[in-house]
Amino acid sequence: MENSSQNGFVDSPASAEFSVLNCVDLLSKDMENSVSLLKQACLDSGFFYVVNHGIDQDFMDEVFAQSKRFFRLPLNDKMKLLRNEKNRGYTPLLDEYLDPVNQVHGDYKEGYYIGIEVPEDDPLAQKPFYGPNVWPSDDLLPGWRQTMEKYHEMALKVAKEVARIIALALSLESDFFDKPEMLGNPIATLRLLRYEGRASDPLKGIYGAGAHSDFGLITLLATDDVLGLQICKDKDAKPQIWEYVAPLKGAFIVNLGDMLERWSNCTFRSTMHRVVGNGQERYSIAYFVEPSHDCIVECLPTCQSEKNRPKYPPVRCETYLKQRYKDTHADLSSYKKQEM
């Protein structure tokens, strides 16, 4: 178990450390400055804000309102939409176990996965993470599906725009990640999240979300105004220093995933982060962006040399993701046993 003096946890956010993040403006005409700001952030913490991304605040407010409508349903209604083998649908409290070394229980959050909609009779639906989504009926939540599908589409456009700046920061052509085997046919997953109003206690292994790094290329995170997200820039430091990331109205908090760290040969950072609850209910919306199933993630030519050889072997995206999800989520069969 962690020692409170070693994990940066404090009872009062007022006395906590806050991380200062760069802010990348997608409407800026000064691309050189945008690339510089993003590159600095990727070298330092792998976290930055993105503003003027094209999704207006009124619509973001509607997405959050629809998310709350779902999570306020009776548990029986939500369990009827339980996550399936394609990783679509509802995940109950404690379903995810992101930090088994330090967590006594799973994460004190519930979620809902929505991926790219692929009809069941489409051959692509045979692939992991592809297929039809699990949707609440329109009678239960009118307009819910339409709102989430629109947001999914808009968030993917933002992610591709950010990926173009990342490519330039890695001395690649701006369209490097637009290729069909990368973000031309991505695995892009929207996840609605609700953290219950429980105060975290690292001494007892209780977290809103345990310490982890994200699996893929990048994550776009929209949050309400409740503090909770913390990052640790150096996971090997003793003691570890945890810093809060402040919510910024109208902005996405963007962080790099493990695949991008592998691509960049550890030049860019996939930083460990967690959610520490302060007793307030908290809502966030994560959008995870990974390349296509068959994409081979291997060290980029611009990130290696005779003195800096590749640190990771090549890995197929589908293989990597399947293992990471298996390692961090409850076995679906456990829910079937509970029903018996």
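Colleague: Which residues does Tyr151 touch, leaving out those up to four places away in sequence?
Modeller: This is a predicted model, and in it Tyr151 is among the residues with the most contacts inside the largest nonpolar core. Setting aside residues up to four places away in sequence, Tyr151 touches Ile55, Phe59, Met60, Val63, Leu190, Ala222, Phe252 and Ile285.

Colleague: How many residues does that largest nonpolar core have, and which helix gives the most to it?
Modeller: The core has 77 residues, and Phe48, Val162, Ile166, Phe177, Ile218 and Trp263 are listed with Tyr151 as having the most contacts inside it. The helix that gives the most supplies 13 residues and spans residues 144–169: helix 4. Apart from this core lies another, with Leu98, Ala251, Ile253 and Phe288 among its members. So, to put the numbers you asked about together, the largest core has 77 residues, and the helix giving the most is helix 4.

Colleague: What is the mean pLDDT of the protein chain?
Modeller: Confidence is below 50 over residues 1–11, a stretch that has 35 contacts in the model beyond near neighbours in sequence. Across the chain, 93% of residues reach 70 or more. The mean pLDDT is 91.

Colleague: Is the pair of rings of Phe70 and Tyr90 stacked or edge-to-face?
Modeller: A pair of aromatic rings is described by the distance of the centres and the angle of the planes. For Phe70 and Tyr90 the centres are 5.8 Å apart and the planes stand at 65°. Planes over 60 degrees apart count as edge-to-face, so the pair of Phe70 and Tyr90 is edge-to-face.

Colleague: Where in the chain do Phe70 and Tyr90 lie?
Modeller: Phe70 is buried, at 0% relative accessible area, and Tyr90 is buried too, at 1%. Both residues belong to an aromatic cluster that also includes Trp135 and Tyr283. The pair links distant parts of the chain, 20 residues apart, with Phe70 in helix 2 and Tyr90 in strand 3.

Colleague: Which parts of the chain does the pair of Phe177 and Trp263 tie together?
Modeller: These two rings form an edge-to-face pair, 5.5 Å centre to centre with 70° between the planes. Phe177 and Trp263 are both buried. They are 86 residues apart in sequence, so the pair ties together the loop between helix 4 and helix 5, where Phe177 lies, and helix 6, where Trp263 lies.

Colleague: Over which ring does the charged end of Arg274 sit?
Modeller: Lys150 offers one example of this arrangement, with its charged end over the ring of Phe59, 4.6 Å from the centre. For Arg274 the distance from the ring centre is 4.0 Å, and the ring is that of Trp242.

Colleague: How many disulfides does a search of the whole structure find?
Modeller: A disulfide is a covalent bond between the sulfur atoms of two cysteines. The sulfur of Cys303 is 5.8 Å from the closest cysteine sulfur, in Cys299, so it is too far for a bond. Likewise, the sulfur of Cys317 is 6.3 Å from its closest cysteine sulfur, in Cys295, too far for a bond. The number of disulfides found is 0.

Colleague: Is Lys204 buried or exposed?
Modeller: Lys204 has its place in the loop between strand 5 and strand 6. Its C-alpha atom is separated by 7.2 Å from that of Val104, 100 residues apart along the chain. With a relative accessibility of 55%, Lys204 counts as exposed.

Colleague: How far apart in space are Pro92 and Val118, C-alpha to C-alpha?
Modeller: Pro92 is found in the loop between strand 3 and strand 4, and at 9% relative accessibility it counts as buried. In sequence, Pro92 and Val118 are 26 residues apart; in space, their C-alpha distance is 24 Å.

Colleague: Which residues does a cis peptide bond join?
Modeller: One partner, Pro239, has its place in the loop between strand 8 and strand 9. Omega is about 5° for this bond, which joins Lys238 and Pro239.

Colleague: What is phi of Asn265?
Modeller: Asn265 sits in the loop between helix 6 and strand 11 and is buried, with a relative accessible area of 2%. It is a residue other than glycine, yet its phi is positive, near 60°.

Conventions:
Residues numbered from 1 in each chain as written. Predicted model: local features only at pLDDT ≥ 70, side-chain atom pairs only at ≥ 80, totals over all residues. Heavy atoms only, no water. Core = buried A, V, L, I, M, F, W, Y, C linked by side-chain atoms within 4.5 Å. Buried < 20%, exposed > 50% of the residue type's maximum accessible area, 1.4 Å probe, protein only. Helix = DSSP H or I, 4+ residues; strand = E, 2+ residues; numbered from the N terminus. Contact = heavy atoms within 4.5 Å. pLDDT = per-residue confidence, 0-100. Phe/Tyr/Trp six-rings, centres within 6.5 Å; stacked < 30°, edge-to-face > 60°. Lys NZ or Arg CZ within 6 Å of the ring centre and 35° of its normal. Disulfide = S-S within 2.5 Å.
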